[in-house]
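Hi,

Here is the structure I said I would pass on to you. Have a look at it first, and then read my notes underneath.

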Amino acid sequence: MNIVRNWKRVVSCGCLHSEYANQDAVAAVLLFVEQYKPEHRIFLGDCYDTTCLRSGAKGTQDENSPIDNDLKIGREFLYNFRPTVFTEGNHDARPRLLMNHSNTIIAEAAKSIYERMMQPLWDMNTIITPWDIFSFYELGGYKWMHGCLFSEQYLRDTANRFGNSVVAHAHRPGISKGVHIDSPTAYGVGTLMDPTKAKYAANRTSTLGWAPAMVWGEVCEDKANLNLHAWSRDEEEWRLPI
C-alpha cells in the first residue's frame with residue numbers, strides 16, 4: 001500500500017546574538033525564507049546576547065553594557081524571521097532565571113527585560129521551549145533544540161545522547177553521525193553572529209571554526225530530508241542553495 005506523506009518545508013538557524021550579528025548572513029537567511037516559503041521556521045536560540053546579565057559580568061565592563069539596542073535588534077529579527085518555533089538559548093534564558101532573584105529590584109528588572117524579549121514571540125503565537133536538556137521540539141523524527149555541548153565532537157556526542165537532532169550553541173556548522181545501532185544524525189546550524197565581534201572568544205582557536213549556516217529541507221510526521229548550507233565567515237557572494 002502506498003501512503004502519501006504530508007511533506008512540509010522547514011528552515012532552521014540560531015545564535016544571532018543581536019548586536020554581534022553578521023547582518024549579511026541575516027539578510028541571506030531572510031531572503032532564503034522569503035523565496036523558499038517554509039511552513040516551519042525554527043530558531044534555535046540565543047537571539048539576544050544579554051551581555052550585562054551574564055553571571056561573570058559583575059565588576060567588569062560587561063556589567064554596564066546597554067541592553068536597549070540588544071533588545072531592539074533581536075526583536076526586529078524575530079518579527080522578520082517569524083519563527084513558528086523558538087527554542088530558548090542560554091543567553092535568552094538569563095533574564096528568565098533572574099526573575100527568581102532574592103533581590104526584588106533585580107527580579108522585577110529581569111521580568112521587564114524578559115517580557116520585552118518574548119513579546120514578538122507571544123504576538124506571533126510561536127511555540128517556545130525553555131533552555132534545559134529535557135526540553136526540545138520534535139518534528140520529522142528530529143529533536144530541534146539550542147543544544148548544550150560545544151567540544152570538538154559536539155555533534156557526534158549530541159547524536160549519541162539525543163538521537164536525530166538539529167542544534168546551535170557551539171557556533172560551528174556541521175553534520176555528524178552518532179555511534180549507535182540506529183545511526184542517528186546531528187546537524188549544527190552554526191551562528192548568525194560575526195565571530196570577529198566576539199572579543200570574549202578572540203583567543204580561543206575553536207572560534208576559527210565559527211561560521212554562518214542554516215538547515216533546510218522537508219519534514220513529514222516522522223521523517224526528514226535535511227540539508228546543511230554553510231557560508232564562509234568572510235563571504236563576498238551570499239549565494240543561496242536554491
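Below are my notes on how some of the helices pack and on the empty spaces. One thing to keep in mind throughout: this is a predicted model.

Let's start with helix packing. Two packed helices are described by the angle between their axes and the distance between the axes.

Take H1 and H2 to begin with. Helix H1 covers residues 23-36 and helix H2 covers residues 68-81; their axes are 10 Å apart, at an angle of about 20°. Angles under 35 degrees count as roughly parallel, so H1 is roughly parallel to H2. On the H1 side, the contact is made by Gln23, Val26, Val29, Leu30 and Val33, and on the H2 side by Ile73, Phe77, Asn80 and Phe81. Sorted by class, that contact has seven nonpolar residues, two polar ones and no charged ones.

H2 also packs against H4. Here the axes come within 9 Å and cross at roughly 10°, which makes H2 roughly parallel to H4 as well. H2 brings Asp68, Leu71, Arg75, Leu78 and Tyr79 to this contact, while H4 brings Ile113, Arg116, Met117, Gln119, Pro120, Leu121 and Asp123. The contact of H2 with H4 does include charged residues: four of them, along with seven nonpolar and one polar.

Then there is H3 with H4. Helix H3 runs over residues 90-98 and helix H4 over residues 104-123, and their axes come within 7 Å and cross at roughly 140°. Only angles over 145 count as roughly antiparallel, and H3 and H4 are therefore oblique to each other. The crossing of H3 past H4 is left-handed. From H3, the residues involved are Asp92, Pro95, Arg96 and Leu98, and they meet Ile106, Ala107, Ala110, Ile113, Tyr114 and Met117 in H4. Eight residues of this contact are nonpolar, two are charged and none is polar. If you are browsing H4, look at Ile113 and Met117: both are listed in the contact with H3 and in the contact with H2.

Now for the empty spaces. Rolling a probe the size of a water molecule over the atoms shows where empty space is left.

Which residues lie closest to the centre of the largest pocket? They are His91, His171, Tyr200, Arg204 and Trp210, out of 23 residues that line the pocket. The space in the largest pocket comes to about 650 Å³. Its lining has nine charged, eight polar and six nonpolar residues.

How many cavities of 30 Å³ or more are there? The count is two.

The largest cavity holds about 70 Å³ of space. It has 13 lining residues, and those nearest its centre are Trp131, Asp132, Ser135, Met145 and Gly147. By class, the lining of the largest cavity has six nonpolar, five polar and two charged residues.

The second largest cavity has a volume of about 40 Å³. Among the residues lining it are Cys148, Leu149, Val167, Ala168 and His169. Helix H5 (residues 154-162) gives the largest share of this lining, with three residues. There are no charged residues in the lining of the second largest cavity, which has seven nonpolar and three polar. Met145 and Gly147 are worth finding in the viewer, since they line the largest cavity and also the second largest one.

Have fun looking around!

Technical notes. Residues numbered from 1 in each chain as written. Predicted model: local features only at pLDDT ≥ 70, side-chain atom pairs only at ≥ 80, totals over all residues. Heavy atoms only, no water. Axes fitted to C-alpha atoms, helices over the stretch in contact; angles between N-to-C directions. Helix = DSSP H or I, 4+ residues; strand = E, 2+ residues; numbered from the N terminus. Parallel < 35°, antiparallel > 145°, perpendicular 65-115°, else oblique. Left-handed = near helix turned anticlockwise from the far one by under 90°. Contact = heavy atoms within 4.5 Å. Nonpolar A, V, L, I, M, F, W, Y, C, P; charged D, E, K, R; others polar. 1 Å grid on protein atoms, 1.4 Å probe; cavity = no way out; pocket = protein on both sides within 12 Å on 5 of 7 lines; lining within 4 Å. Points joined across faces, edges and corners; volume = space filled by probe spheres on them.
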